[in-house]
Amino acid sequence: MLAAHSYPSQEKNDQTPCLVFLHGLLGSADDWSSIVEACPNYPRLVVDLPGHGDSCHITCQGFSDFNQQLSRLLEQYTVQRFVLVGYSLGARLAMHFACFANHKGLQGLVIEGGNVGLQNAQERQARESHDHQWAERFRHQPIERVLNDWYQQAVFANLTNEQRANLVALRALNNPLAVADMLENTSLSKQPFLVEPLMHLSVPYCYFCGEKDQKFRSVSQQYALPFTLIKNAGHNAHRENPQHYVIALHHFLSHCG
C-alpha cells in the first residue's frame with residue numbers, strides 16, 4: 001500500500017473535499033508542507049509516490065497500476081470527495097487518474113507543470129530512449145553526479161546555483177534504483193495523449209504554471225487549457241512561490257464541488 005500523510009480539517013464539514021497531493025519525480029510528501037499548512041480548512045492526504053519517501057519499497061508498473069494503487073489508498077482513508085493536486089510526474093499521474101480511473105468522488109484537478117503527452121510515434125520513441133538513458137545513469141552512476149546533470153536540464157534553467165545545490169543534496173537521499181524504475185515505468189513515452197480526455201472531464205480542472213517556466217507555459221497555451229500563472233516561479237511553482245500558489249489554489253477550490 002502506498003504511504004501517505006493524512007491531515008484532518010479544522011472545519012467540521014463532511015462535504016469539504018479532501019485535497020490529495022502528488023509530488024514529482026525525486027520528491028516526497030514533504031515537498032507540499034507549506035501548501036498543506038496553508039489549507040487547514042480542508043482534509044489533506046499527501047502521498048509518497050511509488051519508489052519515493054515512505055513508499056520507497058513500493059513498485060509501480062505503469063499508469064494503470066498507479067490508478068489502482070491510488071484507488072486503494074483513497075479507500076483505506078475513506079476519502080469520498082477529493083481534489084487531485086499534482087506536480088510534474090504527479091501531475092501526469094493525476095491527469096491519467098482523472099481521465100481513466102473509476103473516480104466517482106473526484107471534484108477537481110490541479111495540474112502543475114505536467115506534460116499532457118506526445119502525439120506521434122517518433123516523439124514517443126525519442127522520449128523512451130531519453131528516459132532509458134537517464135534511468136541507466138541512476139542505476140549505475142553516483143546519484144549526486146546524475147542529479148547535478150539532471151538539474152541542468154532546460155526546464156530547471158531559472159534555478160540559482162544555490163537552489164540547484166540544495167535540490168541535489170535533498171534528492172540524493174532517494175534510492176536511485178527505485179527512481180530509475182519509476183522514471184521508465186511512467187515515462188512520457190507510455191502516457192496517452194491527454195488533451196482530448198481532459199476536455200471531456202465533468203469536473204473543474206486548471207493548469208498551474210510558473211511564469212518563468214517557458215516550456216509548460218507554451219504547452220498550456222498550445223492546447224488552450226484553463227490556465228493560472230504563478231508569479232516569480234519556475235517549473236516547481238509550489239516550492240518557489242508558495243504564497244501565490246496557495247492564493248491560486250483557494251481560488252480554484254472555490255469553483256469545486
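A polar contact is a pair of N or O atoms within 3.5 Å; within protein, one atom must be able to donate a hydrogen and the other to accept it, and residues adjacent in sequence count only if both atoms are side-chain atoms.

The model is predicted: local features need pLDDT of at least 70, side-chain atom pairs count only at pLDDT 80 or more, and totals for chains, interfaces and linings use all residues. Residues are numbered from 1 along each chain as its sequence is written, and side-chain values use heavy atoms, with hydrogens and water left out.

**Exercise 1. Place Gln-191 and find its polar partners.**

Step 1. Locate the residue. Gln-191 sits in the loop between helix 7 (176–185) and helix 8 (195–199). Helices (H or I, at least four residues) and strands (E, at least two) are DSSP runs, numbered from the N terminus.

Step 2. Check its accessibility. The relative accessible area of Gln-191 is 0%, so the residue is buried. Buried means under 20% relative accessible area, exposed over 50%, and partly exposed in between (1.4 Å probe, protein chains only).

Step 3. Look for polar contacts. The side chain of Gln-191 meets that of Arg-92 in a polar contact of 2.8 Å. A polar atom of the Gln-191 side chain also lies 3.3 Å from the backbone oxygen of Val-116.

Step 4. List the wider contacts (heavy atoms within 4.5 Å). Setting aside neighbours within four places in sequence, Gln-191 is in contact with residues including Phe-63, Asn-115, Gly-117 and Arg-124.

**Exercise 2. Is His-238 buried or exposed, and what does its side chain contact?**

Step 1. Find the element. His-238 belongs to helix 10, which spans 237–240.

Step 2. Read the accessibility. His-238 counts as buried because its relative accessibility is 1%.

Step 3. Follow the side chain. One polar contact, of 2.8 Å, links it to the side chain of Glu-112. Another, of 3.2 Å, links the side chains of His-238 and Asn-236.

Step 4. Add the other contacts. Beyond four places in sequence, the partners of His-238 include Asp-31, Trp-32, Tyr-87 and Tyr-245.

**Exercise 3. Which residues far along the chain lie beside Cys-60 and His-250?**

Step 1. Start with Cys-60. It is in the loop between strand 3 and helix 2 (63–76). Its relative accessibility is 3%, so Cys-60 counts as buried.

Step 2. Cross the sequence gap. Cys-60 and Met-182 are 122 residues apart in sequence, yet their C-alpha atoms are 6.7 Å apart in space. Cys-60 touches Met-182, and also Pro-50 and Asn-185, among others.

Step 3. Turn to His-250, in helix 11 (residues 242–253). With a relative accessible area of 31%, His-250 is partly exposed. Its C-alpha atom is separated by 9.6 Å from that of Ala-38, 212 residues away along the chain. Not counting residues up to four places away, His-250 touches Ala-38, Cys-39 and Tyr-42.

**Exercise 4. What is the phi of Leu-26, and what is that of Ala-224?**

Step 1. Recall the background. Most residues other than glycine have a negative phi.

Step 2. Take Leu-26. Its phi is positive, about 80°, although the residue is not a glycine. Leu-26 lies in the loop between strand 2 (18–22) and helix 1 (33–37). It is buried, at 1% relative accessibility.

Step 3. Take Ala-224. Its phi is near 55°, also positive. Ala-224 is in the loop between helix 9 and strand 7 (227–230). At 60% relative accessibility, it counts as exposed.

**Exercise 5. Describe the lining of the largest pocket.**

Step 1. Fix the term. On a 1 Å grid over the protein atoms alone, a pocket is an open set of points where a 1.4 Å probe fits, with protein on both sides within 12 Å along at least five of seven lines; lining residues have an atom within 4 Å of a point.

Step 2. Give the volume (the space filled by probe spheres set on the points, which are joined across faces, edges and corners). It is about 670 Å³ for the largest pocket.

Step 3. Name the central residues. Of the 37 lining residues, Ser-88, Trp-150, Val-155, Phe-156 and His-235 are the closest to the centre of the pocket.

Step 4. Find the main contributor. Helix 6 gives the most to this lining, with 4 residues.
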